[in-house]
Amino acid sequence: MALTRVILRHGGNAVTIDAADERLADGFHGYEPADGLRWTNGFASLPADLFDGFRDGGVEVVLTLRGETQYPDFGESVAA
């Protein structure tokens with residue numbers, strides 16, 4: 001999936017970053033400014049410093065996802 005925004009919330013505290021944030025590197029592909037998104041490689045992780053202000057209890061993580069990929073079938077067979 002393609003990520004456009006991450007929000008971390010707990011009580012009255014909230015942190016928001018968008019896909020352009022350079023800290024989104026581990027498991028992410030480069031930022032695509034034309035579409036305002038960043039694709040993951042399936043093993044993306046959020047930077048630890050995002051959680052610095054949340055030491056008391058759980059954190060709600062809200063991911064805003066977008067994008068869909070279509071792979072055309074040209075009728076060619078693929079050898080196994």
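Is Met1 buried or exposed, and at what relative accessibility? Met1 counts as exposed because its relative accessibility is 55%, and the cut-off for that label is over 50%. Keep in mind that this is a predicted model.

Met1 sits in the segment before S1. On the surface, Met1 joins Val61, Leu63 and Leu65 in a nonpolar patch, and together these residues have about 370 Å² of accessible area.

Now for the inside. The largest nonpolar core has eight residues: Leu3, Val6, Leu8, Ile17, Leu24, Phe28, Leu50 and Phe54. Strand S1, residues 2–10, gives the largest share of this core, with three residues. Take Leu24 as one core member to click on: leaving aside residues up to four places away in sequence, Leu24 touches Leu3, Ile17, Asp18, Ala19, Arg38, Leu46 and Pro47.

Next come the strands. Here is how S4 (residues 37–40) pairs up:

| Pair | Sense | Bridges | Facing residues |
|---|---|---|---|
| S1 and S4 | antiparallel | two bridges | Leu3 opposite Arg38 |
| S3 and S4 | antiparallel | three bridges | Phe28 opposite Thr40 |

Some of these names tie back to the core. Leu3 belongs to the core and stands opposite Arg38 in S4, while Arg38 is also among the residues that Leu24 touches. Phe28 is another core residue, and its partner across in S4 is Thr40.

S3, which covers residues 28–32, forms a hairpin with S4, with four residues between the two strands. Have a look at Gly36 in that turn: its phi is positive, at about 65°.

Notes. Residues numbered from 1 in each chain as written. Predicted model: local features only at pLDDT ≥ 70, side-chain atom pairs only at ≥ 80, totals over all residues. Heavy atoms only, no water. Core = buried A, V, L, I, M, F, W, Y, C linked by side-chain atoms within 4.5 Å. Buried < 20%, exposed > 50% of the residue type's maximum accessible area, 1.4 Å probe, protein only. Contact = heavy atoms within 4.5 Å. Patch = residues over 30% accessible without salt bridge, like charges linked within 9 Å, V, L, I, M, F, W, Y side chains within 5 Å. Areas by Shrake-Rupley, 256 points an atom, 1.4 Å probe, with all protein chains shown as cover. Salt bridge = Lys/Arg side-chain N within 4 Å of Asp/Glu carboxyl O. Pairing = 2+ DSSP bridges.
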